[in-house]
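Student: I am new to this structure and would like a close look at a single part of it. Could you choose one and explain, step by step, how it fits into the rest?

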Amino acid sequence: MTKILIAEDNATNRELFRELLEARGYDVDEASDGPEALRMLEQAQPDILLLDIGMPLLDGFAVVRAIRENPRLAALPVLAVTAYAMRGDRERILTSGFDGYLSKPINAKSLAEELERLLQERDDQNADARQSQTDSNHKPQSANAARNNTR
């Protein structure tokens with residue numbers, strides 16, 4: 001089952017996200033601020049993070065920076081869910097380390113589509129990495145290497 005961590009300071013929004021996600025069969029954990037989200041990422045090891053930008057203590061930008069700097073978390077897909085919807089906000093958010101962007105109020109269909117897109121991208125990258133590893137383990141030997149191995 002796909003696990004999603006919601007990092008959102010507004011309890012009503014967290015409840016709405018939980019209901020939408022659980023109705024689609026996702027396993028959901030919640031954090032109410034940035035430091036709690038970072039702690040839970042290490043413990044819960046979610047498949048994706050839904051991250052509000054305007055949170056207390058550490059905002060979404062600081063959280064995504066910490067994620068990208070941590071080798072164990074750097075590849076985690078992070079979806080910004082935010083009220084920041086002015087011209088240029090989407091581009092600024094996406095160039096700050098987020099993998100996707102949705103403005104509030106959240107549309108359930110858009111949320112589902114964006115989650116599916118990010119999870120598929122993650123799966124494709126994992127498959128590519130596994131294929132690259134397999135390819136490097138099975139490279140044909142050069143003629144000289146083959147001769148040296150038979151001596």
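Tutor: In what follows, a helix is a DSSP run of H or I with at least four residues, a strand is a run of E with at least two, and both are numbered from the N terminus. The model is a predicted one, and the part I would choose is helix α2, which covers residues 34-44.

It helps to place that helix in the whole chain before looking at its residues. The secondary structure comes to 6 helices and 5 strands, and along the sequence these follow the pattern β-α-β-α-β-α-β-α-β-α-α. The C-alpha atoms fill a box of roughly 70 × 30 × 30 Å along the principal axes, and the radius of gyration is 20 Å, where a compact globule of 151 residues would have one near 15 Å. Among contacts between residues at least 6 apart in sequence, 57% join residues at least 24 apart, and buried residues make up 36% of the 151 residues.

Turning now to α2 itself, its buried residues are Gly 34, Ala 37, Leu 38, Met 40, Leu 41 and Ala 44. Because these residues cover an arc of only 165° around the axis, they are on the same side of α2. The buried residues of the helix pack against three strands, namely β1 (3-7), β2 (27-31) and β3 (48-51), and also against the helix α3 (60-69).

The two ends of α2 can be described separately. At the N-terminal end, Asp 33 acts as a cap, with a side-chain oxygen that lies 2.8 Å from the backbone nitrogen of Glu 36. Beyond the other end comes Gln 45, which follows α2 and has a positive phi of about 45° although it is not a glycine. Gln 45 sits in the loop between α2 and β3, and because its relative accessible area is 60%, where exposed means over 50%, it counts as exposed. Leu 57, in the loop between β3 and α3, also has a positive phi without being a glycine, in this case of about 70°, and at 69% relative accessibility Leu 57 is likewise exposed.

One of the buried residues of α2 also leads into the interior. The largest nonpolar core has 22 residues, and Leu 41, Leu 49, Leu 51, Ile 67, Val 78 and Phe 98 are those that touch the most other members. At least two residues of this core come from each of β1, α2, β3, α3 and β4 (78-82). Leu 49 gives a detailed view of this region: apart from its neighbours within four places in sequence, Leu 49 is in contact with Leu 5, Ala 7, Leu 41, Ile 67, Leu 76, Pro 77, Val 78 and Leu 79. There is also a second, separate core of 16 residues, which includes Ile 4, Phe 17, Leu 21 and Leu 102.

One last feature lies outside α2, further along the sequence. Pro 105 is found in the loop between strand β5 (100-103) and helix α5 (108-137), and the peptide bond that joins Lys 104 to Pro 105 is cis, with omega at about 0°.

To return to the chosen part, α2 has Asp 33 as a cap at its N-terminal end, is followed by Gln 45 with its positive phi, and packs its buried residues against β1, β2, β3 and α3.

Note on methods
Residues numbered from 1 in each chain as written. Predicted model: local features only at pLDDT ≥ 70, side-chain atom pairs only at ≥ 80, totals over all residues. Heavy atoms only, no water. Buried < 20%, exposed > 50% of the residue type's maximum accessible area, 1.4 Å probe, protein only. Arc of directions from axis to C-beta. Contact = heavy atoms within 4.5 Å. Polar contact = N/O pair within 3.5 Å; in protein donor to acceptor, adjacent residues only side chain to side chain. Rg over C-alpha atoms; globule rule 2.2 N^0.38 Å. Core = buried A, V, L, I, M, F, W, Y, C linked by side-chain atoms within 4.5 Å.
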